[in-house]
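Trainee: Please take one part of this model, its salt bridges, and go through it closely with me. I would like the cut-offs stated as you use them, and the setting of each pair described as well as its distance.

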Amino acid sequence: MSMKKTTTAALALSALALVAAAWAGYGQLQPAPADGLSLAHDLDDERVLAGRADSVVTATVVGRSAPVDIDGIPWIDYTVRVTDTLKGPLAEGVEAVIRQEADYGPDGTVVAYPADPFLTEGSAHIFATRYSERIDRHVFLDALHGRVPLTPRTTATWTDAVAHQRTD
């Protein structure tokens with residue numbers, strides 16, 4: 001085999017390996033975690049989320065901002081009114097802003113991630129958040145578990161989680 005054919009074959013194999021590695025990693029993409037949260041933790045365990053959260057509160061959504069684009073990523077700010085504080089500095093009656101990451105659809109409209117639907121005005125939730133000084137907002141710890149509908153069962157679960165929180 002000539003030197004040119006050998007070099008071309010080596011380059012083709014290298015490119016194929018690079019494409020295969022990139023494709024394998026693509027399936028693992030998800031929204032970036034809030035500042036300071038490692039996804040190595042068990043996010044199905046509310047005690048772990050409570051331990052990592054700056055605040056765990058029950059709150060009602062009272063407003064939603066228009067999307068804000070930051071470095072090509074759309075974000076939605078929600079104003080929530082805290083109804084009970086399970087952990088952290090957010091006091092009952094306070095209005096706070098919680099930021100949610102979104103995405104752009106094929107037509108350029110702002111869409112929610114499938115596991116992280118947009119909040120609706122008037123809905124009540126338990127929020128586990130971290131405060132990000134960089135963006136001056138509270139951010140969900142995890143899209144799926146960092147905010148749950150407010151029910152007697154979820155309130156009991158999160159009250160227990162805060163009482164027995166883990167930081168491992």
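Mentor: A salt bridge is counted here when a side-chain nitrogen of Lys or Arg lies within 4 Å of a carboxyl oxygen of Asp or Glu. The model is predicted, so to speak of local features a pLDDT of at least 70 is required and for side-chain atom pairs 80 or more, whereas totals for chains, interfaces and linings use all residues. Residues are numbered from 1 along each chain as its sequence is written, and side-chain values rest on heavy atoms, with hydrogens and water left out.

Over the whole structure, the search returns 6 salt bridges. Before turning to single pairs, it helps to have the framework in mind: the chain has 3 helices and 9 strands, where helices (H or I, at least four residues) and strands (E, at least two) are DSSP runs numbered from the N terminus. Read from that terminus, their order is α-α-β-β-β-β-β-β-β-β-β-α.

The pair Glu95 and Arg81 can be taken at the outset, its side chains meeting in a salt bridge with an N to O distance of 2.5 Å. Since Glu95 belongs to strand 4 and Arg81 to strand 3, this pair ties together parts that are 14 residues apart in sequence. Glu95, at 43% relative accessibility, counts as partly exposed, and Arg81 falls into that class with 37%; the classes are buried under 20% relative accessible area, exposed over 50% and partly exposed in between, with a 1.4 Å probe and protein chains only.

Asp77 takes part in two pairings. In one of them its side chain meets that of Arg99 in a salt bridge of 2.7 Å, N to O; because Asp77 sits in strand 3 and Arg99 in strand 4 (residues 95–101), parts 22 residues apart in sequence are tied together. Asp77 and Arg99 are both buried. In the other pairing, the side chains of Arg137 and Asp77 form a salt bridge with an N to O distance of 3.1 Å, and here the link runs between distant parts of the chain, from Arg137 in strand 8 (residues 137–140) to Asp77 in strand 3, 60 residues apart. Arg137 has a relative accessible area of 22% and is therefore partly exposed, whereas Asp77 counts as buried because its relative accessibility is 10%.

Arg81 also appears in the surroundings of Thr58, which is placed in strand 1 (residues 55–64) and is buried, its relative accessible area being 5%. Leaving aside residues up to four places away in sequence, Thr58 touches Arg81, Val82, Thr83, Asp84, His125, Ile126 and Leu150, where a contact means heavy atoms within 4.5 Å.

For the chain as a whole, 58% of the contacts between residues at least 6 apart in sequence join residues at least 24 apart, and 34% of the 168 residues count as buried.

Strand 3 (73–87) follows a loop that deserves a careful look too: Asp71 lies in this loop, between strand 2 (68–70) and strand 3. Asp71 has a positive phi of about 55 degrees although it is not a glycine, and with 76% relative accessibility it counts as exposed. As a general point, most residues other than glycine have a negative phi.
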